[in-house]
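Here are my notes on the model, set out as numbered points for checking against the coordinates. They begin with the backbone and move on to the ligand, the cysteines and a few side chains.

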Amino acid sequence: MNFSFVNIWSTRNKIRFENSIRQISGMTLLEIKSTLNDTKNVLSNWQQFDESHCAWTGISCHPGDEQRVRSINLPYMQLGGIISPSIGKLSRLQRLALHQNSLHGTIPNELTNCTELRALNLSTNFFSGEIPDIGVLSTFDKNSFVGNVDLCGRQVQKPCRTSLGFPVVLPHAESDEAAGKPSHYMKGVLIGAMAILGLALVIILSFLWTRLLSKKERAAKRYTEVKKQADPKASTKLITFHGDLPYTSSEIIEKLESLDEEDIVGSGGFGTVYRMVMNDCGTFAVKQIDRSCEGSDQVFERELEILGSINHINLVNLRGYCRLPSSRLLIYDYLAIGSLDDLLHENTRQRQLLNWSDRLKIALGSAQGLAYLHHECSPKVVHCNIKSSNILLDENMEPHISDFGLAKLLVDEEAHVTTVVAGTFGYLAPEYLQSGRATEKSDVYSFGVLLLELVTGKRPTDPSFVKRGLNVVGWMNTLLRENRLEDVVDKRCTDADAGTLEVILELAARCTDGNADDRPSMNQVLQLLEQEVMSPCPSEFYESHSDH
Ligand SMILES: Nc1ncnc2c1ncn2[C@@H]1O[C@H](COP(=O)(O)OP(=O)(O)OP(=O)(O)O)[C@@H](O)[C@H]1O
């Protein structure tokens with residue numbers, strides 16, 4: 001009798017306890033909702049009197065554990081506002097994905113209470129300030145925060161600065177478990193001591209700083225990190241990526257401002273390209289953007305930071321961005337040999353003839369760069385404008401794809417078809433021409449056309465086939481049907497071997513398939529090129545290995 005009473009009593013208590021946990025989780029989520037600006041009303045089913053919060057949009061719970069919240073998954077929701085510190089009450093939170101929203105404010109320290117947090121994606125928002133480098137938050141790297149230009153801290157390898165501009169020494173607090181929890185008293189003493197020390201340091205440093213600055217400008221500091229420099233007088237702003245431009249901001253801005261017509265190396269759909277030579281002869285290409293972009297400067301700069309974080313041998317590095325009062329400039333590595341388009345089609349005297357192995361190397365490197373954009377970048381990058389003038393070459397004939405990410409950044413959906421098609425007729429997949437919407441498979445089509453251009457040495461709009469009502473793909477198919485393989489290859493390229501030529505033509509045919517679904521992915525293209533073209537004797541290799 002007594003026993004069952006105890007049982008009933010504890011069951012009731014358990015239910016009460018579970019209910020209260022449930023209520024706390026639900027209430028916490030509502031507190032979080034209250035600091036978000038839900039413009040699209042995606043959180044409309046987060047309602048106070050719901051039985052359970054586990055079915056709310058973006059929420060999943062630990063099964064059978066008093067409905068404690070396991071994951072909050074709300075990317076691409078156009079959410080504004082801030083992350084409420086209440087998030088720290090969700091102690092069993094394992095995944096927080098809020099990327100690609102418009103959230104701002106700082107990343108709350110309270111997030112460190114979520115000690116089970118294993119996946120965190122706050123990328124591409126407007127968060128600012130220092131990322132707490134303690135507890136669980138110290139376990140995430142830059143991928144969790146990329147695309148928030150105003151965040152700083154160890155995780156994004158960007159030192160925080162005090163209002164005076166000094167780098168802040170970031171606290172590398174040991175985790176509570178490792179260090180043992182200090183008492184509140186000790187914490188108080190420590191904080192007090194640190195505050196006094198900090199204050200003394202600030203006073204000494206500001207004294208030195210004012211004295212130093214009167215002699216040398218603040219701008220004389222070296223670039224070591226992704227760094228922003230805003231000139232308060234004018235609307236000038238410089239952001240550098242990749243962290244290793246060895247020039248002061250004033251040096252760079254001065255050079256940018258002095259670029260003139262003599263420095264122009266060409267112009268394209270997005271603007272004029274200049275050659276900028278620094279005092280130590282370091283050379284950069286500067287693209288002056290002559291389009292206005294739809295969104296705010298903030299959104300533009302945030303997207304640029306993502307492009308600036310992309311780093312691959314076969315992509316042209318974006319080194320920086322400068323907003324001057326009258327123009328916007330992108331700073332890239334300078335590729336001295338120029339574009340594949342120049343090498344194949346321009347009759348300049350210094351033109352270098354491309355032999356077959358150069359062409360294969362360019363095909364492979366370009367495939368590597370494009371596969372990286374499609375399959376390794378997050379968010380993935382569809383180039384939208386693959387063509388020979390966007391393949392730049394270095395002294396070793398290594399190709400570097402340029403202009404990646406710009407189409408999405410600078411071309412609005414409505415104007416897409418006319419603007420892009422104007423510059424790249426002949427490279428565009430039929431479905432892209434029709435809908436104006438680019439996909440990875442439309443890039444694959446353009447890559448197929450590029451392969452044909454490498455083989456034939458002809459532009460995809462060459463008059464020899466355009467006047468017969470064909471494009472390069474149709475022309476190629478006609479020649480192949482008539483078995484005229486020898487007429488296909490660029491006459492200037494005398495060392496093409498039949499084996500690799502067939503592989504390239506076969507691959508180009510698959511890439512330019514009229515049906516996008518039947519085209520290979522760039523990873524498949526790359527695999528095929530590596531296996532069939534770059535391995536010296538693939539068939540012999542397989543034969544000798546199959547004996548075992
Ligand atoms: N990083 C660079 N290094 C050296 N030359 C460059 C660089 N970027 C561009 N160029 C040169 O500047 C010229 C214009 O390039 P840009 O990319 O603006 O135009 P495009 O490729 O011809 O057309 P689109 O704008 O449609 O891509 C090209 O001739 C190219 O060779």
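1. Asp403 is found in the loop that runs between β19 and α8 (406–410), and in this predicted model the residue has a phi near 70 degrees, which is a positive value in a residue other than glycine. With a relative accessibility of 9%, Asp403 counts as buried, because the cut-off for that class is under 20% relative accessible area. Asp403 is also listed among the closest residues to the ligand, and I would therefore read the backbone entry and the ligand entry for Asp403 side by side.

2. A second residue with a positive phi is Met397, where the angle is about 65 degrees although the residue is not a glycine. Met397 sits in the loop between β18 and β19 (399–401), and its relative accessible area of 4% places it in the buried class.

3. The loop between α7 (356–376) and β18 (391–393) contains Pro379, and the peptide bond leading from Ser378 into Pro379 is cis, with omega near 0 degrees. That loop between α7 and β18 also holds Ser388, which counts as buried at 0% relative accessibility. The side chain of Ser388 is joined to the side chain of Glu453 by a polar contact of 2.8 Å.

4. Glu453 appears again in a pairing with Leu344: the two residues are 109 positions apart in sequence, yet their C-alpha atoms are 8.5 Å apart in space. Leu344 belongs to helix α6, which spans residues 340–345, and at 3% relative accessibility Leu344 counts as buried.

5. Which residues come closest to the ligand? The ligand is surrounded by 22 residues, and the closest of them are Gly269, Lys287, Asp333, Lys387 and Asp403. By class, this shell is made up of 8 nonpolar, 9 polar and 5 charged residues, and at least three of its residues are drawn from each of domain 2 (237–333) and domain 3 (338–534).

6. Several individual distances to the ligand can be given, each of them to an oxygen atom of the ligand. A polar backbone atom of Gly269 is 2.7 Å from such an oxygen, whereas for Lys387 an N or O atom in the side chain is 2.8 Å from an oxygen atom of the ligand. For Asn390, a polar side-chain atom lies 2.9 Å from a ligand oxygen. Taken alone, the ligand exposes 610 Å², and the protein buries 89% of that area.

7. Where in the fold does the shell come from? The elements that give two or more residues to the shell around the ligand are the strands β12 (264–268), β13 (271–277) and β14 (283–289). Of the contributing elements, β12 gives the most, with 4 residues.

8. The loop between β13 and β14 is the place of Asn279, and at 61% relative accessibility Asn279 counts as exposed, because that class begins over 50%. Asn279 and Glu251 are 28 residues apart in sequence, and their C-alpha atoms are 9.0 Å apart in space.

9. How many disulfides does a search of the whole structure find? The search finds 1 disulfide, and this bond joins Cys54 to Cys61 with an S to S distance of 2.1 Å. The torsion about the S-S bond of Cys54 and Cys61 is about -100 degrees, so the disulfide is left-handed. Cys61 itself is buried, with a relative accessible area of 13%.

10. Are Cys114 and Cys281 buried or exposed? Cys114 is buried, with a relative accessible area of 0%, whereas Cys281 counts as exposed at 58% relative accessibility.

Definitions and conventions:
Residues numbered from 1 in each chain as written. Predicted model: local features only at pLDDT ≥ 70, side-chain atom pairs only at ≥ 80, totals over all residues. Heavy atoms only, no water. Disulfide = S-S within 2.5 Å. Buried < 20%, exposed > 50% of the residue type's maximum accessible area, 1.4 Å probe, protein only. Near = heavy atom within 4 Å. Polar contact = N/O pair within 3.5 Å; in protein donor to acceptor, adjacent residues only side chain to side chain. Areas by Shrake-Rupley, 256 points an atom, 1.4 Å probe, with all protein chains shown as cover. Nonpolar A, V, L, I, M, F, W, Y, C, P; charged D, E, K, R; others polar. Domains from an automatic or database assignment.
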